[in-house]
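Below is a set of questions and answers on how descriptive terms are earned by the values behind them. Each answer sets a value against the rule that applies and then concludes.

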Amino acid sequence: MSAAPMLTGALALAAAWIALGVAGLAAMQRLRLVAHLLFPLGGAVGFGLLAVGLAAVWQGPETLVLPIGLPGLPFHFRLDALSAFFLMVLGGAAAGVSLFSAGYFRRSEGTPPGLLCFQYHVFLAAMALVLMADDAYAFMVWWETMALASFFLVTANHRIAEIRRAGYLYLLIAHLGALAILLCFGVLQANTGDYSFANMRAQQLPPFWASVAFLLALVGFGAKAGLVPLHVWLPEAHPAAPSPVSALMSGVMLKTAVYGFLRVTFDLLPGQLWWWGVVALALGLASALLGVAFAAAQSDMKRLLAWSSVENIGLVFTGIGLAVLFAAYGMRGAMALALAAALYHIAGHAFFKSLLFVGTGAVLHATGERNLGRLGGLLRVMPWVGWTALLGALACAGLPPLAGFVSEWLLLQSFLFTPGLPNSFLNMLVPVVAALIALVAALAGYVMVKFYGVIFLGRHREEKLAEAHDAGPWERVGMLWLSAGCVLLGLLPAQMLDVLAPVTRLLGGGALAEGSGWLLVPVSVERASYGPAIFAAGVAASCVLAFFLVRRLYHGRVRRAPPWDCGYPWQSARMQDTAEGFGQPVRQIFEPLYRMRRQLPTAFDAQPRYAVEVGDHAWHALYLPVARAVEAAARTIGRLQQGRIAIYLAYSFVTVIAILAWVSA
Amino acid sequence: MSGQLINLFAALLLLLAFAMLSQRRILSLIHLYTAQGVVLVCAAAVMGHATHQPHLYVSAGLTLALKVFVIPWILHRVIARLNVRWDVETLINIPTTLLAGIVLVIFAFNVAAPIAELSSSIARGTLGIALACVLLSLMMMITRSKAVPQVIGFLALENGLFFAATAATYGMPMVVELGIALDVLVGILILGVFLFQIREQFDSLDIRHLEKLKDQ
Amino acid sequence: MSPLGAASQLLEIAAALALAPLFAGWVAQCRAWLQNRSGPGLLQPYRLLHKLFHKDSVIAAHASPLFRIAPYVVFGCMTLACGIVPTLSTDLPLSPAADAIALVGLFALARVFVSLAAMDVGTAFGTLGARREMLVGFLAEPALLMVFFSAALISDSTSLTTIVKTLSSQALVIRPSLAFAAVALVMAALAENARVPVDNPATHLELTMIHEALVLEYSGRHLALIEWASALKLFAYACIGIALFAPWGIAQAHAPGALLLALPVLAGKLAVAGFALAALETLSAKMRIFRVPEFLGMAFLLAVIAMLVAILLQGAP
């Protein structure tokens, strides 16, 4: 037995994922083997990681040095409560997605199944190893592996130009982010030349350099997490990838960025300054608002979910920003609450967003449509996908008693602590932030009603939808597990908070009040409490009671007839609201946020056409000018290129002369 | 108890200022202005009662006569004579104005906080609210395109100042107060004449026409 | 859980279930009086429910089970909501399970279900109603939440029973921040309960309706449950208003006598609230749907100012 049993176990499981990937390479074209053996085994590894994480979260940190990698530069690994929590999230979500993938991948995908299996499992293993890395070298190696593996997964259908473009954009921004992270680690090691996290922890950086490191971390990890204004790749790349990969990217990969941000801000940096919190809060809020507003305006189901991920990451960063703010003023209890809210949202989002993404995958396979305007009424032909997706949508909308509501509740509770802040300006500003969070949460409900209602409810907008087939057995198991996660995280918040307590303690937060059995009590019962199990039982009891009383006292007779619709005689499925129609009120209210181009029909058009194109201001105001500037610079530099060897040699010659002159001077 | 009441009146004043900012009709604007006058009277009377300062009662009476009866009556007559009961046109749409209003409130509260520390009045906490009322009224004047709402905005601004004086220092000296009251009365009369002149000149009360007066 | 607590909890839910249609009838009756009509009588809602329960339920041929589940869920949510808001007593065993934020979530859950059910049949009016309901909801919900927050800042708690206990133990002066919160709550409640400036509960004019368009496809017992649930919702909102702005007379824990007294006090307060609502509805005109976001935006901003004022005046003596 080694000295670090949990860490060894977790590393072994990550190695098992890599081994499964390699096995996939060996069975390159054997779809059945890959699908029905390797992917379910990958799912089992996920469950294992969940169990290891759950066991390790209670323990003190374990460290291990493995002599792999470059000579003299071994990999340091460390498993503490923070890593253990994120491993749990990774394992739990990956288990469901892998089981779903067992039934999902077909031969028609551009990449052969074996290669896909390899990329998929390397992606998973890289994420696990990023979470356990304990020096900048190991962190960056696995971070880049993760980025590359996910890039190849995004471009699985590389024959489509649009997907190649999305993948390129993703890779570009991922590398910009990686550059910032590298610089951040460079600042953190404070000229000691030792890149292990232990050394970084020991450094006492002056406030200026600490702020530089924080901002670099915010840029680097924010780019990966999809924080505004570095979010543009996300709504392009997530819809382009195959659905299980989108699920993993949205559900887990974004969270590794949050992990990195938490690690740097609370663990590696010596202390926090209050304005860091304001910056993180502002960016998080902007992401949340922009994400939900754009989600409401989308008409592609996967793009809608991708924008919703921007929103959820925004909520997480809002919680973290608040935690930084509390930490800077030494309010440890409030900080623990805000952190718990952010971490809870991470766990919840991993489950419900994965569930919704794999749900769209099932719909995509069954119908071949991604456009909301051509779907509808799928609940009747795909009951498994429909009902599990309903749970996911309700959780994503932040409705009690499911997962999304708990984190929202904790976040709003932590806002109520802000009147204790010693800074009066922040005191005034924070209620406005709380109001905006409430607005975002309510809008998320709007978005999810649109998403679910247009896809699964109503009548089929196309004839072919009546022949859509439901998900297969593997897919059902995967979706059931993910929806069980949504329900359990919603119903057992007190138990979950016990798991979170070591994590918040590790990051410097104070103690949370003990949850008493079924009740979630962050401070005291007088102050606030929430008991979702009692809550759900109350709603369920009154539903069931009402049902039986109505049956008993009256009758249960039902007649079926054509819909009434105010007696309107000609009805067709085309009369239902389209996705554009359903999003119209939000588009109108938040008009300044969008860059909209509309084509409205006139009254005299023989064939009236309506089109609306919703663009992102950030893309036009930020990215295109930068791209143009880069191109202009490249053209300028391009003049140096003459095509004559003699001139190139002259360049080198002049350079050598100049350097010699400079050195001697 | 009286401190609580003053706070309540201050909040009502701010509420009325926001209501004015969001109001589209001139007639309702005048009603809201009258209501502001009533709140001011109550606030001054409660202050007088709490601090045993008789001159506050006088100023309350003066406010009652002027801001609850005379000025609203003049305004009613003006809009009846000018026949301008129509909806107010705003230069900026109302939700945006209200959002800007919130920002102003936060700003005013923070600006007033250090000043309020210096005061010993029982109502010093309300200084921020009074300042917010002044700023909101000023913004109302900026965002309206017709002359009558601008005049009402000006009057509401004076209300805010009056309240600030009452809250911070238990009112201004009697002479100053009487002077201001007279100023406001004369001001409204002059503005009334002015409004008729604008209308005669341009056949409209839209102040955008005044841009034509600029030296070309 | 004390026996008295359990009794007051059950009494409260029973009172809500029994009184909610009466309250709706009272509002309709007051409205009729104010409009010089004779009115259908106080008991009309009960007759309507009785009639609807007896009728067969007619359901669209392609409606999914969701459509049939939704009325029960909505009814269950509203029942629980009435059980959480302290109307008769502050000694409620269900109260720790759900605070003010959870109450707002409960309303949201009901709204989402009824909107999904409206989309399920797939008619033009159903989706129109769902869209408008969600539009009203996403603006009114944060306003309601901020109203609760400004009360929570005063009592330092989001638990409804603690809020009521704190507020009712004070002198008869309304907190300044609550003045804003009250206006915001009234505006949000008018919108959420489909009352006049936003929606007209008596109309079936296709293009203007919101709530009626949502429940257009329901009939028989399902419609009865939905109607009952909307009466409960109106009742719950009235009780929220009473609990926040006129909490006096709600029995404190361990006082059986006060519990008996609380019922007539509540009835009196509700009668006043119902009359005020009817008067408000009679005096205002229904606004265009495009003005609704502005109206609710105003409510939202007022609630935010209520919080700001609460924080500003908290430091002041």
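Q: What makes C:Asp156 partly exposed?
A: In this predicted model, C:Asp156 has 16 other C-beta atoms within 10 Å. A residue is buried at 20 or more such atoms and exposed at 12 or fewer, so a count in between is called partly exposed, and C:Asp156 is therefore placed in that class.

Q: Where is C:Asp156 found, and what is notable about its phi?
A: C:Asp156 is found in the loop between helix 5 and helix 6 (160-168) of chain C. Its phi is near 60°, a positive value in a residue other than glycine.

Q: Why is B:His52 called exposed?
A: Within 10 Å of B:His52 there are 7 other C-beta atoms, and a residue counts as exposed at 12 or fewer, so B:His52 is exposed. B:His52 is placed in the loop between helix 2 (26-51) and helix 3 (54-82) of chain B, and its phi, near 55°, is likewise a positive value in a residue other than glycine.

Q: How do you know which exposure class C:Ala271 belongs to?
A: C:Ala271 has 13 C-beta neighbours inside 10 Å; since the exposed class ends at 12 and the buried class begins at 20, C:Ala271 counts as partly exposed. The residue is found in helix 10 (residues 256-283) of chain C, and its C-alpha is 13 Å from that of C:Leu234, which is 37 residues apart from C:Ala271 in sequence.

Q: Why is helix 16 of chain A described as largely enclosed by the rest of the structure?
A: The description follows from the count of buried residues, because 13 of the 13 residues of helix 16 of chain A are buried. Helix 3 (residues 81-104) of chain A is mostly covered, with 24 of its 24 residues buried.

Q: How do you know that the span of helix 16 of chain A agrees with what is expected?
A: At 1.5 Å a residue, the 13 residues of helix 16 of chain A should span 18 Å, and the end C-alpha atoms are 19 Å apart, so the two values agree. For helix 3 of chain A, which has 24 residues, the reach from first C-alpha to last is 34 Å, close to the expected 34 Å.

Q: What describes the packing of helix 16 and helix 18 of chain A?
A: Two packed helices are described by the angle between their axes and by the distance between those axes. The axes of helix 16 (residues 403-415) and helix 18 (residues 473-491) of chain A come within 7 Å and cross at roughly 35°. On helix 16 of chain A the contact is made by A:Ala403, A:Phe405 and A:Val406, and on helix 18 of chain A by A:Cys486, A:Leu489 and A:Gly490. By class, this contact has 5 nonpolar, 1 polar and no charged residues.

Q: What makes the bond between A:Pro400 and A:Pro401 a cis peptide bond?
A: The value to consider is omega, which is about 0° for the cis peptide bond that joins A:Pro400 and A:Pro401. A:Pro401 is placed in the loop between helix 15 (383-396) and helix 16 of chain A. A cis peptide bond with omega about 0° also joins A:Val228 and A:Pro229, and A:Pro229 lies in the loop between helix 8 (207-225) and helix 9 (234-240) of chain A.

Q: Why does the radius of gyration of chain A agree with that of a compact globule?
A: With 665 residues, a compact globule would have a radius of gyration near 26 Å, and chain A has 26 Å, so the values agree. Of those 665 residues, 56% count as buried, and the chain holds 23 helices and 5 strands.

Q: How do you know that strand 3 of chain A and strand 1 of chain C pair?
A: Pairing requires at least two bridges, and strand 3 (residues 558-561) of chain A pairs with strand 1 of chain C in the parallel sense over 4 bridges. Here A:Val558 stands opposite C:Ser57. The contact between these chains takes 70 residues from chain C and 68 residues from chain A, and helix 5 of chain C gives the most to the chain C side, with 17 residues.

Key: Residues are numbered from 1 along each chain as its sequence is written. Chains are lettered from A and ligands numbered from 1 in the order in which they are written. This is a predicted model: local features need pLDDT of at least 70, side-chain atom pairs count only at pLDDT 80 or more; totals for chains, interfaces and linings use all residues. Helices (H or I, at least four residues) and strands (E, at least two) are DSSP runs, numbered from the N terminus. The radius of gyration is taken over C-alpha atoms; the globule rule is 2.2 Å times the number of residues to the power 0.38. Axes are lines fitted to C-alpha atoms, for helices over the stretch in contact, and angles run from 0 to 180 degrees between N-to-C directions. Two residues are in contact if their C-beta atoms, placed from the backbone, lie within 7 Å. Ala, Val, Leu, Ile, Met, Phe, Trp, Tyr, Cys and Pro count as nonpolar, Asp, Glu, Lys and Arg as charged, and the others, Gly among them, as polar. The expected span of a helix is 1.5 Å times one less than its number of residues.
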